Amino acid sequence: MSTFLVVGANGSVASEVARLLAAQGHSVRKGTSRAATEAGQVHLNLLTGAGLTEALSGADGVFLFAPPGHVNHDELLIPVIDAAKAQGVRKLVLMSAMGANADPSAPLRKAELHLEASGLAWNIIRPNWFMQNFNTFWLHGIQTQNQILLPLGQAKGSFIDTRDIAAVAATLLSTDAHANRDFDLTGPEALDHDQVAAILSKETGRQIGYQDITPEAMQAGLLGAGLPAPYVGFMLLILSYFKAGYAERVTDSVSQVTGQAPRSVAQYAHDHRASWALPAN
Ligand SMILES: NC(=O)c1ccc[n+]([C@@H]2O[C@H](COP(=O)([O-])OP(=O)(O)OC[C@H]3O[C@@H](n4cnc5c(N)ncnc54)[C@H](OP(=O)(O)O)[C@@H]3O)[C@@H](O)[C@H]2O)c1
């Protein structure tokens with residue numbers, strides 16, 4: 001029985017990490033940048049460092065990632081890694097992103113390298129694009145225009161279900177089988193967005209298509225949704241990597257760590273089909 005700090009525990013991956021660790025009988029501190037209102041929650045704001053010392057005190061392990069919306073990943077993550085080391089935390093699992101290790105000067109890679117050199121037991125998990133983007137970030141176009149609207153041509157992605165990412169993270173935190181290793185996490189197959197749209201159509205009974213939009217249209221949409229300009233620039237950059245084919249690779253890391261095959265897009269779509277229900281007329 002260990003004590004774990006799960007940063008950003010209201011998040012889609014982190015909430016499942018917290019649930020899985022608690023189900024294994026561990027004590028879980030659920031970080032939130034808001035006021036802690038529920039039992040088990042701790043206030044922790046990565047932008048200001050507020051609550052960091054208290055949240056880490058007596059923790060054996062930490063699940064860490066940079067909340068979306070920011071591009072200074074190293075500035076957000078390195079203070080947590082250093083404080084974890086200073087406070088005697090044993091292991092830290094960092095969720096990064098597939099491809100982050102391609103450029104040593106990238107802020108996320110700087111945080112990864114800092115963790116590897118920290119003296120903590122560590123794992124780095126680099127998930128590919130989340131399946132759950134289709135029922136969150138890309139949902140508006142699907143609901144209002146019956147279209148997945150993205151500037152990705154016919155490039156394929158080996159999308160991963162956030163539940164599989166969380167299962168990997170919980171296993172890595174609670175066992176020592178894979179200490180000090182990194183894993184690129186993908187789903188079981190690479191699909192293009194016409195194929196994803198066909199799966200969503202089949203599951204929902206709706207006609208959902210894919211429209212290959214220009215990067216400029218994507219940029220206007222993201223800025224219009226209120227995202228900060230530097231983060232929009234970062235999104236366009238990583239979307240261009242997807243379009244160039246860098247999201248196609250399939251790995252067997254999920255089954256290597258958990259012993260379970262990762263979920264398919266068809267399984268994800270089935271489980272989330274209520275997300276794409278249209279209001280009755
Ligand atoms: N989406 C993708 O396709 C994809 C692919 C690869 C990697 N990733 C990585 O996955 C991460 C996002 O994961 P996710 O989608 O599971 O996250 P998420 O659902 O967006 O949740 C992020 C959580 O962070 C918390 N948070 C916000 N600001 C915070 C702050 N200043 N300090 C501490 N916590 C804060 C929020 O909870 P409170 O409001 O309670 O604080 C929120 O629930 C990012 O690092 C991204 O780079 C995403």
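Does Asn-146 count as buried, exposed or partly exposed, and how many C-beta neighbours lie inside 10 Å? With 17 such neighbours, Asn-146 counts as partly exposed. The model is predicted.

**Overall build**

The protein has 11 helices and nine strands. Along the principal axes, its C-alpha atoms fill a box of roughly 55 × 35 × 35 Å. The radius of gyration is 19 Å, which agrees with the value near 19 Å for a compact globule of 281 residues. Of these 281 residues, 42% count as buried. Long-range contacts are plentiful in the count: among contacts with a separation of 6 or more, 75% join residues 24 or more positions apart.

**Around the ligand**

The shell around the ligand holds 24 residues. Gly-8, Asn-10, Gly-11, Thr-32 and Ser-33 come nearest. By class, the shell has 14 nonpolar residues, nine polar and one charged. Which helix gives the most to this shell? Helix α1, residues 12–23, does so with three residues.

**A helix pair**

Two packed helices are described by the angle between their axes and the distance between the axes. Here the pair is α8 (residues 215–224) and α9 (residues 229–246). Their axes come within 10 Å and cross at roughly 145°. The crossing of α8 and α9 is right-handed. On the α8 side, Pro-215, Met-218, Gln-219, Leu-222 and Leu-223 make the contact. On the α9 side, the contact residues are Ala-229, Val-232, Met-235, Leu-236 and Leu-239. The contact of α8 with α9 has nine nonpolar residues, one polar and no charged ones.

**Four loop residues**

The next table gives the setting of four residues in loops.

| Residue | Loop between | C-beta neighbours within 10 Å | Exposure |
|---|---|---|---|
| Leu-47 | β3 (41–43) and α2 (52–56) | 12 | exposed |
| Asn-146 | α5 (139–145) and β7 | 17 | partly exposed |
| Gln-154 | β7 (147–150) and α6 (162–174) | 11 | exposed |
| Asn-180 | α6 and β8 (181–185) | 13 | partly exposed |

Why is Gln-154 exposed? Gln-154 has 11 other C-beta atoms within 10 Å, and a residue with 12 or fewer is exposed. Leu-47 has 12 such neighbours, so Leu-47 counts as exposed. Asn-180 has 13 other C-beta atoms within 10 Å and is therefore partly exposed.

Two of these residues have a notable backbone angle. Asn-146 is not a glycine, yet it has a positive phi of about 55°. Asn-146 sits in the loop between α5 and β7. Asn-180 is not a glycine either, and its phi is positive at about 60°. The loop that holds Asn-180 runs between α6 and β8.

**Two distances along the chain**

How far is Gln-154 from Gly-245, C-alpha to C-alpha? The separation is 9.3 Å, with their positions 91 residues apart along the chain. Gln-154 lies in the loop between β7 and α6. Gly-245 falls in the stretch of α9, residues 229–246.

Leu-47 and Ile-142 give a second pair, 95 residues apart along the chain. Their C-alpha atoms are separated by 33 Å. Leu-47 belongs to the loop between β3 and α2. Ile-142 falls in the stretch of α5, residues 139–145.

Technical notes
Residues numbered from 1 in each chain as written. Predicted model: local features only at pLDDT ≥ 70, side-chain atom pairs only at ≥ 80, totals over all residues. Axes fitted to C-alpha atoms, helices over the stretch in contact; angles between N-to-C directions. Helix = DSSP H or I, 4+ residues; strand = E, 2+ residues; numbered from the N terminus. Left-handed = near helix turned anticlockwise from the far one by under 90°. Contact = placed C-beta atoms within 7 Å. Nonpolar A, V, L, I, M, F, W, Y, C, P; charged D, E, K, R; others polar. Rg over C-alpha atoms; globule rule 2.2 N^0.38 Å. Buried ≥ 20, exposed ≤ 12 C-beta atoms within 10 Å, placed from the backbone. Near = placed C-beta within 6 Å.
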